[in-house]
Amino acid sequence: MSSSKTRNMLEGLVKDTSFKWLLGKQTSFDEEIEEMGRSPSAGTNWIPELSPVANVVVRRCSKILGVSANDLRDSFKQEAFESLKQPSLFARNFLEYCCFRALSLSVGVTGHLGDKKFRRLTFDMMVVWEVPSVSSQALLSVDEDATVSLEAFSRIAPAVPIIADVIICENLFEMLTSSTSGRLHFSVYDKYVHGLERAIKKMRTQSESSLLSGVRSKREKILEIDGTVTTQPVLEHVGISTWPGRLILTDHSLYFEALKVVSYDKPKRYDLSEDLKQLVKPELTGPWGTRLFDKAVSYKSISLSEPVVMEFPELKGHTRRDYWLAAIHEVLYVHRYINKYKITGLARDEALSKAVLGIIRVQAIQELSLTNSMRYENLLPFNLCDQLPGGDLILETLAEMSTSRELHRSNKPKDTGTLHSSASDMVSQLGCVFGGSSPRSRTSETSSLVVGEVVVGDVNPLERAVKESRKNYEKVVLAQETINGVKMDGIDTNIAVMKELMIPIVETGNLILSLIYWDDPMKSIVFCIFTSFIIWKGWVVYILALASLCSAMFMVLTRCISREKLMVELKVTAPPPMNTMEQLLAVQNGISQLEQNIQDGNIVLLKFRALLFSLFPQASEKFAFAMVVVAMSMAFVPGRYLILVVFVELFTRYSPPRRSSTERLVRRLREWWFSIPAAPVILQHDKNDKKKKKQK
């Protein structure tokens, strides 16, 4: 009965596709549906729960795996959890199951990226993923210009580690769809995957060449070379010397070969794998030590006596520098990750492969010549983890998953029935590229519903950590937008804003000073008695806790009150406009005042130095005696009583009975302080600076 229904459905679809052929609108999906309808084995290759085009994709997967679609369905029902087989979820989960099994077998074939059928298959998987069930009959209108959403791309693409990575998948999709309104077209996707193949061939050629043959290990892969074209040189700055040459980046180090007359000098190696406290950052360069051009990268480590600067000259912008900075950071960050979590064995190769594949993707994106400006660090997983809030949690999750896979391999060395060997996938693909080898299981049977870093019908811990981090990143972006919106231009305007913000603090300070100076004796007496009682009872901690509780209650109340009733925006009276000369004078006065404050601070420190070294013995003796009294009081008087005595002493100094005696005491202390000489200061000039000036 079911087979006859399937046959009738196929006959109806064949009629629809024949009608489209008459109108000239027949697509590859329609051709395959028509072929399936005429096939004698149509019943065994048609899944009623799936949409027609989903059946087409499942048929392609079954051909790759060498089994029928019904056999795949039976395997899925045996292996999948009950939650994955619910009627509302069955179609999509089964489609993912077939796609992931087919992809796990296809990526083991050397040169699969160069096969247009493979590129078309992966794209069609994403198209069909959006409408997998039989209720999605509207997809029969799908044509050759079908597009893909972010969600579909994020589910299918990471199953092929070279194409995408879970961590950077969303940024990669945004880059590929920057000119197509958030939908991925096959033409762009095809160019991108074809660019990946060219980048891999380029990397293979570089790594198999004789470059760095005397210093590079066999497993060290060459990722990028620059400086071989005379119009795009690379300049190395060390101290005051500058040399043109060739810069080579591997997955462990950075090499620079200075250019001689007809050849290159012996390469200098700047290590990125060991923990040498390396610091790689953008740098400014210019003639005679000036800092004019933002086109260089600075490398600093404890193994070097002075930083090394690599300059990438270009007429406009600093794209070359940005690319090299991101690539160097990626290699540096992946080794920091390996060293921090003590990653070894195949898991270490997996981490290195993740960084290498990220650089390959950036090279492929560069070939697309996209109009939008590209931030390379957003396409490199370890760079992105360094920037995202919670990026350390992503790396921690990645390390835990790598460790668990390593334990799984060691416990079941002969197990060939799994698809979740992400490290093996990556290393095998690079092994095919660079001539290496690693064990890999490629069987049609599977005991797990995991491939790469994607789980059939579920979200793995890494995806969960990435999504959580992205949510936090969106909050950071929104907060940064508000910060950029309140930044004011002009010193006078910023001072006015600061004064307005400081009004509550200033008023509180003025109130305390009025109490200290006994402007209103009654208020000062009440405050003194109340505070003394709190200190005597030891309730200071409770008062602080009560203040924190009141602050929290205030925030809760403001949350409940509507925004319109609150004065959230800060209103500042704009100062009168200042011309350029007035602004310069204000800056000069501010600098002079700052210099005076620094001088006063230095004098205070030098006087304490004089007291410490007894340059003025009489003052030092008095100061030492006072220190002894303070020390004895702190040692033998209970803290609560000591605080109470100090408070009463300080607070009652300007009370009417003690005001005259306090003024005399303050005068004596000032006279004593002014009588203390400052310790002498001798300025010495660095001898190395003199030598450099003579060399210039």
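Let me begin with a definition: two rings of Phe, Tyr or Trp, the last taken by its six-membered ring, count as a pair if their centres lie within 6.5 Å. By that criterion the structure on the screen, which is a predicted model, holds 20 aromatic pairs, and I will go through two of them with some care.

In one of these, Phe76 and Phe90 meet edge-to-face, with 5.7 Å from centre to centre and 70 degrees between the planes. Phe76 belongs to helix H4, residues 69-79, and Phe90 to helix H5, residues 87-106, so this pair ties together parts that are 14 residues apart in sequence. Both Phe76 and Phe90 are buried. For another pair, Tyr517 and Tyr654, the geometry is tilted, at 4.7 Å centre to centre and 45 degrees between the planes. Here distant parts of the chain are linked, since Tyr517 sits in the loop between H17 and helix H18 (521-537), while Tyr654 sits in the loop between helix H22 (639-651) and helix H23 (659-674), 137 residues apart. Tyr517 has a relative accessible area of 37%, so it is classed as partly exposed, a class that lies between the cut-offs of 20% and 50%.

Returning to Phe76 and Phe90, I would add that they form one aromatic cluster together with Phe94 and Tyr97. Rings also take part in contacts with charge: the charged end of Arg92 sits over the ring of Trp129, 3.9 Å from its centre, and Arg246 lies over the face of Tyr264, at 4.0 Å from the ring centre.

Let me now step back to the whole chain. The secondary structure comes to 24 helices and twelve strands, and of the 696 residues, 41% count as buried. If one takes the contacts between residues at least 6 apart in sequence, 64% of them join residues at least 24 apart. The accessible surface comes to about 40200 Å², and 61% of it belongs to carbon and sulfur atoms.

What, then, is found on the buried side? Helix H8, residues 169-176, has six of its eight residues buried, so the helix is largely enclosed by the rest of the structure. The buried residues in H8 are Cys169, Asn171, Leu172, Phe173, Met175 and Leu176. A single-residue example is Gln363 in helix H11, residues 345-367, which has a relative accessible area of 6% and is therefore buried. Leaving aside residues up to four places away in sequence, Gln363 touches Ala199, Met203, Leu223, Glu224 and Tyr323.

On the exposed side, which residues make the nonpolar surface patch of about 630 Å²? They are Met498, Leu501, Met502, Ile505, Val506, Leu570 and Val572, and the elements that give two or more residues to this patch are helix H16 (491-501) and helix H17 (503-516). Ile505, which has its place in helix H17, counts as exposed because its relative accessibility is 54%, where the cut-off for exposed is over 50%.

I will finish with Val526, which is found in helix H18 and is exposed, with a relative accessible area of 51%. Val526 and Leu515 are eleven residues apart in sequence, and their C-alpha atoms are 9.8 Å apart in space.

Key
Residues numbered from 1 in each chain as written. Predicted model: local features only at pLDDT ≥ 70, side-chain atom pairs only at ≥ 80, totals over all residues. Heavy atoms only, no water. Buried < 20%, exposed > 50% of the residue type's maximum accessible area, 1.4 Å probe, protein only. Helix = DSSP H or I, 4+ residues; strand = E, 2+ residues; numbered from the N terminus. Patch = residues over 30% accessible without salt bridge, like charges linked within 9 Å, V, L, I, M, F, W, Y side chains within 5 Å. Areas by Shrake-Rupley, 256 points an atom, 1.4 Å probe, with all protein chains shown as cover. Salt bridge = Lys/Arg side-chain N within 4 Å of Asp/Glu carboxyl O. Phe/Tyr/Trp six-rings, centres within 6.5 Å; stacked < 30°, edge-to-face > 60°. Lys NZ or Arg CZ within 6 Å of the ring centre and 35° of its normal. Contact = heavy atoms within 4.5 Å.
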